[in-house]
Amino acid sequence: MNMRTLTADQQARWAIDGYLHLEGVFDHQEVAHLSKAIDYVRTQPGWEPMSGMLPRGHYGWVEKCVDQDLSGFMDRRDILPYDQAFVDLMDRPEVFDLIVDIMGPNILFSMSQAIVRPSTQEFPGYTHTDGGEALREIRVTETSRPLAMKALYLLSDVTEEDAGAFTVYPGSHFRPFPKDRNPPLDPRSPGCVQLMGKAGDCFLFPHAIWHGPAPNYSGKARKTLLYNYCQLFIRAYDFGALPTNLLENMSPRQRRLMGDLGHNWRPGDYFYVPEDQEEIITGRAA
Ligand SMILES: O=C(O)CCC(=O)C(=O)O
């Protein structure tokens with residue numbers, strides 16, 4: 001099976017700017033389905049940040065989202081169990097093929113997330129790298145594969161400034177960033193770009209680029225899905241042990257992406273990959 005690869009133009013953009021914009025990955029129907037699935041997630045138990053109760057970056061179990069208004073804030077992690085469409089999105093070819101081209105085949109699916117950013121004057125946006133305190137200190141060179149990267153799917157149109165856009169500091173994945181500046185650099189500081197896009201578009205970016213959500217003063221909520229991939233020897237964010245309940249309904253490739261190597265754990269696993277790793281990830285094993 002031939003997988004898609006980056007075009008020469010995409011390779012240059014990835015190497016220089018540090019992100020890619022893929023237009024029209026979902027059609028209207030899919031956007032509507034995924035958007036409804038997010039509304040459903042809001043009513044269900046799951047993992048959410050617990051402001052003031054848990055440290056930054058940690059998620060706790062809630063019975064449902066605190067805000068039941070469909071346009072209110074929600075940040076839900078580990079969304080695969082809520083809808084088969086969320087599982088299928090793990091290796092959707094138009095996007096996944098490019099991720100494999102960028103990262104190579106020895107990868108793990110490490111996080112799924114649904115975020116709703118309401119229109120509000122209260123939230124100024126923020127800028128960060130992904131992966132916590134240690135990963136923030138690591139920038140790989142332009143000839144290296146990334147340690148981790150994300151696909152961000154827009155489920156709302158973002159076609160004007162300060163409407164909850166995904167923002168990036170282009171090229172910041174290769175440079176020291178003035179992260180201790182006071183006040184901190186944010187989505188409205190010079191050098192930051194608010195990326196416009198339509199519902200159904202996708203942005204790809206590595207963990208090391210400085211990025212984050214812009215404020216949303218648009219009058220309407222902005223919905224996104226985020227899917228994170230890392231090298232196989234890195235840990236997943238969303239589960240400490242294999243989520244065996246999910247594996248049953250997954251394809252061999254999806255199971256491998258979850259970290260199911262096909263045998264019980266033994267020393268060396270994840271660093272030295274199974275012999276069929278490339279076949280499984282490229283779909284040639286099916
Ligand atoms: O767009 C958002 O709401 C947050 C996206 C982001 O910064 C991230 O996934 O790290």
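**Note on salt bridges, helix α4 and a small sheet**

1. Glu30, Arg92 and Glu94 are linked in a network of salt bridges. The model is a predicted one, and the points below should be read on that basis. Across the structure, the count of salt bridges comes to 14. Several of the pairs are taken up in turn.

2. The side chains of Asp97 and Arg4 form a salt bridge, with 3.0 Å from N to O. Asp97 belongs to helix α4 (residues 93–103), whereas Arg4 sits in the segment before α1 (8–16), so the pair ties together parts 93 residues apart in sequence. How do the two partners stand in terms of accessible area? Asp97 is buried, at a relative accessible area of 5%. Arg4 is partly exposed, at 42%.

3. Helix α4, which holds Asp97, is mostly covered, with eight of its 11 residues buried. Those buried residues are Val95, Phe96, Asp97, Leu98, Ile99, Val100, Ile102 and Met103. The charged side chain of the bridge to Arg4 is thus listed with the buried part of the helix. After α4 comes Gly104, which has a positive phi, near 85°.

4. A second pair lies within one helix. The side chains of Arg13 and Asp9 meet in a salt bridge of 2.9 Å, N to O. Both residues are in helix α1, four residues apart, which is about one turn of the helix. An α-helix has 3.6 residues a turn, so residues three or four places apart point the same way. Arg13 is partly exposed, with a relative accessible area of 43%, and Asp9 is also partly exposed, at 45%.

5. A third pair joins Lys150 and Asp130, whose side chains meet in a salt bridge at 3.0 Å, N to O. Where in the chain are these two residues? Lys150 is in strand β6 (residues 148–154), and Asp130 is in the loop between β5 (107–117) and α5 (132–135). The pair links distant parts of the chain, 20 residues apart. Buried or exposed? Lys150 and Asp130 are both buried.

6. Gln277 lies in helix α8 (residues 277–282). Gln277 is buried, with a relative accessible area of 1%. Which residues does Gln277 touch, once its neighbours within four places in sequence are left aside? The contacts of Gln277 are then Pro105, Asn106, Ile107, Leu232 and Arg256. One of these, Ile107, is at the start of the β5 range (107–117).

7. Three strands make up an open sheet in the order β8-β7-β10, and their pairing is antiparallel. β8 (193–195) and β10 (211–213) stand at the edges with a single partner strand each, so one side of each has no neighbour in the sheet. From one strand to the next, the twist averages 30°. Strands of a sheet pair through backbone hydrogen bonds, either parallel or antiparallel.

8. Within that sheet, strand β7 (residues 166–168) is joined to β10 by three bridges, and the two strands run antiparallel. Which residue of β10 is the bridge partner of Thr167? The partner of Thr167 is Gly212.

Notes: Residues numbered from 1 in each chain as written. Predicted model: local features only at pLDDT ≥ 70, side-chain atom pairs only at ≥ 80, totals over all residues. Heavy atoms only, no water. Pairing = 2+ DSSP bridges. Axes fitted to C-alpha atoms, helices over the stretch in contact; angles between N-to-C directions. Buried < 20%, exposed > 50% of the residue type's maximum accessible area, 1.4 Å probe, protein only. Contact = heavy atoms within 4.5 Å. Salt bridge = Lys/Arg side-chain N within 4 Å of Asp/Glu carboxyl O.
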